Amino acid sequence: MGTGWVWNERLAWFDNGRWAGPLAPGGFVEPGEHMENGETKRRVASLVAASGLLDRLTPVAARRATREELLRVHTPGYLDYLAAENAKPKGGFADREIQRVPFGPGDLEIAELAAGGTIEAADAVARGAVRNAYVLTRPPGHHALPDTGLGFCVLANVALAVEHVRAVHGIERVAVVDWDVHHGNGTQDIFYGDPDVLTVSIHQDRLFPDGGLAAETGGPGAEGANVNVPLPAGCGTGAYEYAFEQIVLPRLRAFRPQFVVAASGYDSAAFDPNGRMMLHSDAYRWMTERLMAVAAESADDRLLVVHEGGYSAFYVPFCALAVVEALSGHRTEAADPALARLAANPLQALQPHQAALVTAIRDGGAPTDSGVPA
Ligand SMILES: [Zn+2]
């Protein structure tokens, strides 16, 4: 069994319009290209093809998610709202309140293609057509909530895939590990009261949105089914490896998931304009291999990796390639040209304040605010 691969050129055409990063254009803020744009993803697809790896993958065709599938996570009111926004001549906004998640006219179809492609890949993994799969999808999904979009996200791609394998394939326990530099708030929220879905997010503390604290451990009846590892800015491979070994992997192994999903954002990499972490391509390879080991133990290898954020057009492709190489077990000759320099930085090593924080989170004594525990 091989590794499934989802990509569709139309996903690159989703139009966020002209924007100004975290600022609202207007006044003296000049609008420019939106940082969540098709190029960062298209270049991943290009490198996977140029490296020769594409020839070893099993294509999984994306298709639009159905309303029935979307209703497993989203409210009818939100879907109706999106349809109305989508019909506007200049497009609309996916977030109902603050109107900061724009999309072009007709782009709801592309968001549905992203969600449906993720569902199709999950289905291929669940029924054993492929061993694991990578979904190069856009727009991303991990901030989306049942009744609104948020933070570049329109539909909750990962959550929709989780609900699909539970509803259609009878899989009972699913684990989601989110290493995007931002908190996976949407996935957390959707499953917060569900003891059968373990949601883990390792992220830069209070970067976006607010929340994501270690004290958020699950709702009534689901205590312990949500794990947040909010890390201080500046973490490298040492801190991430320590967090995996001390918290993420033990929690996964205790949960014994039958299906594993990674929400794979690359804004936790060095060079990213949106995050302040230091990961390199080998860090993503290592994290993927760790999840493959967990999946091998309790999930018959079933692992779905879904692309989330990542805004360095030149570096995201090498990090994503490393993940797909790990999934497929095939190393290409397309080496990461920045790896040696990034790995040689002595600050990649676990720092004392990072170790203290991870240990405190592990032991349930994490501070309720940021900083190093006393
Ligand atoms: Zn992100």
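User: Let's start with the basics: how many helices and strands does the chain have?
Analyst: Bear in mind that this is a predicted model. Going along the chain, the tally comes to 11 helices and 12 strands.

User: And how does the radius of gyration of the chain stand against the globule rule?
Analyst: The C-alpha atoms fill a box of roughly 55 × 50 × 50 Å along the principal axes. For 374 residues the globule rule gives 21 Å, and the chain comes close to that, so it is as compact as a globular protein of that length. The radius of gyration itself is 19 Å.

User: What share of the contacts between residues at least 6 apart in sequence joins residues at least 24 apart?
Analyst: For background, 53% of the 374 residues count as buried. As for the contacts between residues at least 6 apart, the share that joins residues at least 24 apart is 74%.

User: Which helix gives the most to the largest nonpolar core?
Analyst: That core has 117 residues, and Ala133, Ala243 and Val261 touch the most other members. The top contributor, with 12 residues, spans residues 108-126: helix 4.

User: Why would a core like that form at all?
Analyst: There's a general tendency behind it, seen in soluble globular proteins. Nonpolar side chains tend to be buried together.

User: Zooming in on Ala243, which residues is it in contact with, leaving aside neighbours within four places in sequence?
Analyst: Ala243 is one of the three core residues that touch the most other members. With its sequence neighbours set aside, the contacts of Ala243 are Ile202, Val229, Leu231, Val248 and Val358.

User: Now strand 12: why call it largely enclosed by the rest of the structure?
Analyst: Both of its faces are covered, with Leu303, Val305 and His307 buried on one side and Leu304 and Val306 buried on the other. Strand 12 is largely enclosed because the number of its residues that are buried is 5 of the 5.

User: Which residue stands opposite Val305 of strand 12?
Analyst: Look to strand 7 (residues 132-135), which runs parallel to strand 12 and is joined to it by 4 bridges. Standing opposite Val305 is Tyr134.

User: What is the bridge partner of Ser264 in strand 12?
Analyst: Strand 11 (residues 259-264) also runs parallel to strand 12, with 5 bridges joining them. For Ser264, the partner in strand 12 is His307.

User: Through which helix does the chain cross from strand 11 to strand 12?
Analyst: The connection is a β-α-β crossover, and a right-handed one. The helix in the middle covers residues 281-298, and that's helix 8.

User: On to strand 8: is it mostly covered or mostly open, and how many of its residues are buried?
Analyst: Val174, Val176 and Asp178 are buried on one side of strand 8, and Ala175 and Val177 are buried on the other. The strand is mostly covered, and its buried count is 5 of 5.

User: In strand 11, which residue is the bridge partner of Val177?
Analyst: Strand 8 and strand 11 run parallel, joined by 5 bridges. Opposite Val177 the partner is Ala262.

User: What about strand 9: which of its residues does Asp178 stand opposite?
Analyst: Strand 9 (residues 197-204) runs parallel to strand 8, with 5 bridges between them. Together with helix 6 (residues 185-190), the two strands make a right-handed β-α-β unit. The residue opposite Asp178 is Ser201.

User: Does Arg256 count as buried, partly exposed or exposed?
Analyst: Arg256 lies in the loop between helix 7 (237-255) and strand 11. Its contacts beyond four places in sequence are Arg173 and Ser298. Because Arg256 has 13 C-beta neighbours inside 10 Å, the verdict is partly exposed.

User: How far apart in space are Arg256 and Ala175, C-alpha to C-alpha?
Analyst: In sequence, 81 residues separate the two. In space, the C-alpha to C-alpha distance is 8.5 Å.

User: And Glu97, buried or exposed?
Analyst: Glu97 is found in the loop between strand 5 (92-93) and strand 6 (102-103). From Asp336 it is 239 residues away in sequence and 41 Å away in space, C-alpha to C-alpha. Since Glu97 has 8 C-beta neighbours inside 10 Å, it counts as exposed.

User: Last one: how far apart are the end C-alpha atoms of helix 9?
Analyst: Helix 9 (residues 316-328) is largely enclosed by the rest of the structure, since 13 of its 13 residues are buried. Just after it, Gly329 takes a positive phi of about 75 degrees. At 1.5 Å a residue, its 13 residues should span 18 Å, which agrees with the end C-alpha separation of 18 Å.

Key
Residues are numbered from 1 along each chain as its sequence is written. This is a predicted model: local features need pLDDT of at least 70, side-chain atom pairs count only at pLDDT 80 or more; totals for chains, interfaces and linings use all residues. The expected span of a helix is 1.5 Å times one less than its number of residues. A residue is buried if 20 or more other C-beta atoms lie within 10 Å of its own, exposed if 12 or fewer, and partly exposed in between; C-beta atoms are placed from the backbone. A nonpolar core is a set of buried Ala, Val, Leu, Ile, Met, Phe, Trp, Tyr and Cys residues joined through C-beta atoms within 7 Å. Two residues are in contact if their C-beta atoms, placed from the backbone, lie within 7 Å. The radius of gyration is taken over C-alpha atoms; the globule rule is 2.2 Å times the number of residues to the power 0.38. Two strands pair if DSSP finds at least two bridges between them. A crossover is right-handed if, with the strands pointing away from the viewer, the path from the first strand over the helix to the second runs clockwise.
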